[in-house]
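Reader: I would like to go through a structure by asking what each label rests on. Please set each value against its cut-off.

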Amino acid sequence: MITSTPSIIGDLAVETAGLVKTFGAMRAVDGVNLAIPRGSVYGVLGPNGAGKTTTIRILATLLRPDSGSARVLGHDVVREAPTVRKLVSLTGQFASVDTDLTAEENLLLLGRLLGYSWRQARRRAEELLAAFGLASAARDQAARLSGGMRRKLDLAASIIVAPDLLFLDEPTTGLDPRSRSALWEIVRGIVADGTTVLLTTQYLDEADRLADRIAVIDHGRVIAAGTRGELKNSVGSAGLRIRLLDPAHRDRARDLIADDKIAVHDEPDPAVLSARVPAQQRAGAAAELAAHALGRLTRAGIGVSDFALGQPSLDEVFLALTGSQAGPAQPHQAPPAPAGSQASR
Amino acid sequence: MTAISSRERPAPASPLAASLVFAWRSLLKIKHVPEQLGDVIGIPVLFTLLFTYLFGGALAGSTHGYLQFLLPGTLVLAVVFVTVYSGVTLNADLATGAFDRFRSMPVWRPAPILGALTGDIGRYLLAGGLVIGLGLAMGYRPAGSAAGVLAAVALVLLFASALSWAWITLGLVLRSPNAVMSIGFVILFPVTFMSNIFVNPATMPGWLRAVSNINPVSHLVTATRALMAGTATISQVLWAMAAAGALIAVFAPLAALLYQRK
């Protein structure tokens, strides 16, 4: 292609169409379409091996896609890779700091590469170390820092020159809860300063707390995308969970509640049932369902220890989405491969 | 958290500046991880002592006389073995997220490799200086001038930098730093022994002498020995430089190609 078509929608931070990357027989990324608006945190959620890291590596110009196109901040990641590199910053899945060097040396090194003089780089390093609570560890080798501190250093390194788009590949994997909240706070600060963040995570709570919009990715494909609310609505607007006093009553309780509109499921906990209001139902349907179900149980003399009514958790959304796609009959199956390569699939 | 972000965007470092920053990084690693110099220091010291005192008398009639012959050879041996670390460190680097970050930055692509090669010269000087120092302490006296010794060291550094490209190529292909180290040493042991480092090839059987005579290491040792003895001819030095040039011509483009594909 000789001419470059300008992006139709100018305010997208990331725009991909039919992105494919294969490693041997494995289609790591299998037709990913993303449209990520500027100025937000966008979460890419998926299990291990879903293609999250490969997607990020393509967007950060570290890998060339086999087919499809990707534009970052309006620039093609293959043809305009040097321009893209000036605008983005990557924090890899495993800390991207040099563990042999001290915290300060890591920042100095990157500051120099980004074009600061030694003096400017030193000043910027001090500023960042102080802002991230790392000043006392400035002269410690990065290998000696705790996981949380190393991740903080990693984030500091990513914003020596604030990028327009920051890639965070599983930023809190392996961290304790306190370090995770500290890191989330830092990410929010970076976003408030005007950086768009593309975050991959396998933690639903992380996506739920941090991301404005979420794409769920599995087997190299985006299987759902939208705001948190939209994703939850797509699975069912609201759910009811009932815990019975006596697990032995569960079969009877299920028959009492279920009717042609409401499906009732057994939960792993033998005393718990869950019911889902279909997404098309009008507002208030969930409350009616709860009143109806609890009334019937009371009249039948089945004791309820507690119940909860609310939106499905992202966990439920995730399992519903990935579970429904896991079978052999995928709706968007690629055309059959030529006979030669079939054996390896 | 106030104003931790800086929107000021300086022009990225020039290719030269970026390479020098990576050279600095390489020197920092020598400073922070000195234990990786263990083999670097061990092998040449051991070989110089071992061959001089154990075999010197048998090979050359006297340990002192043998040392005069051997020392330029162990200088080459020491530095040539150290070159393997160029591939080892690159391989270790590629496996880390740090390298991914460098590659996603607006940094001249070859800078990490060229910078590391420049920094590696520090390691070669350390190993070479150690061997010469040890030799002087053991009674080695170069017959040539100080300028001749310096020229010899410069020639060895040139050859080492050229040979590093072979290990960088290997470092880009193999899976682990240990594999680079093992294969490097497995190649270097026969190559350095089948040369004129330890003995005069005239005593070897014909086929081995032929191998030794085309061995690039032999050309380097011949030139180094002659420079340090003050008897060097232009053609001896040119042969050594040609060997270095051939290594670069083969491995530098290969490494560049592999690196691009990474």
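Author: The answers below take the labels one by one, and the model is a predicted one.

Reader: What makes α4(B) and α8(B) roughly antiparallel?

Author: The crossing angle does. Helix α4 (residues 84–94) of chain B and helix α8 (residues 177–193) of chain B cross at roughly 165 degrees. Angles over 145 count as roughly antiparallel. Therefore α4(B) is roughly antiparallel to α8(B). Their axes come within 8 Å, and the crossing is right-handed.

Reader: Which residues of α4(B) and α8(B) meet?

Author: From α4(B) come B:V84, B:G87, B:V88, B:N91 and B:A92. Facing them in α8(B) are B:P177, B:V180, B:M181, B:G184, B:F185 and B:L188. By class, the contact holds eight nonpolar, three polar and no charged residues.

Reader: Why is α3(B) called roughly parallel to α7(B)?

Author: Again, look at the angle. Helix α3 (residues 63–82) of chain B crosses helix α7 (residues 146–173) of chain B at roughly 30 degrees. The limit for roughly parallel is under 35 degrees, so α3(B) and α7(B) earn that label. The axes come within 10 Å. This crossing is right-handed.

Reader: What residue classes make up the contact of α3(B) with α7(B)?

Author: Nine nonpolar, no polar and no charged. On the α3(B) side are B:P72, B:L75, B:V76, B:V79 and B:V80. On the α7(B) side are B:A152, B:V156, B:A160 and B:L163. Val, Ala, Leu and Pro count as nonpolar.

Reader: Now chain A. How do you know that β1(A) and β2(A) pair?

Author: Count the bridges. Pairing takes at least two bridges. Strand β1 (residues 12–23) of chain A and strand β2 (residues 26–37) of chain A are joined by nine, and they run antiparallel. A:T16 stands opposite A:L34 in β2(A). Two residues lie between the strands of this hairpin, where A:G24 takes a positive phi near 60 degrees.

Reader: How many bridges join β1(A) to β4(A)?

Author: Five, and the two strands run antiparallel. Strand β4 covers residues 67–72 of chain A. A:V14 stands opposite A:V72 in β4(A).

Reader: What supports the pairing of β4(A) with β5(A)?

Author: Two bridges, in the antiparallel sense. The cut-off is at least two, so the pair qualifies. In β5(A), A:H75 is the bridge partner of A:V72.

Reader: What makes β2 and β5 of chain A the edge strands?

Author: Each pairs on one side only. The four strands form an open sheet in the order β2-β1-β4-β5, with antiparallel pairing.

Reader: How much of chain A is buried?

Author: Buried residues make up 43% of its 345 residues. The test for buried is 20 or more other C-beta atoms within 10 Å of the residue's own. Chain A has twelve helices and 14 strands. Of the contacts in chain A between residues at least 6 apart in sequence, 69% join residues at least 24 apart.

Reader: How many residues does each chain bring to the contact between chain A and chain B?

Author: Chain B brings 26 residues and chain A brings 35. To count, two residues need C-beta atoms within 7 Å. On the chain B side, α1 (15–32) and α5 (97–103) are the elements that give two or more residues. α1(B) gives the most, with six residues. The chain B side divides into 14 nonpolar, five polar and seven charged residues.

Technical notes:
Residues numbered from 1 in each chain as written. Chains lettered and ligands numbered in written order. Predicted model: local features only at pLDDT ≥ 70, side-chain atom pairs only at ≥ 80, totals over all residues. Buried ≥ 20, exposed ≤ 12 C-beta atoms within 10 Å, placed from the backbone. Axes fitted to C-alpha atoms, helices over the stretch in contact; angles between N-to-C directions. Parallel < 35°, antiparallel > 145°, perpendicular 65-115°, else oblique. Left-handed = near helix turned anticlockwise from the far one by under 90°.
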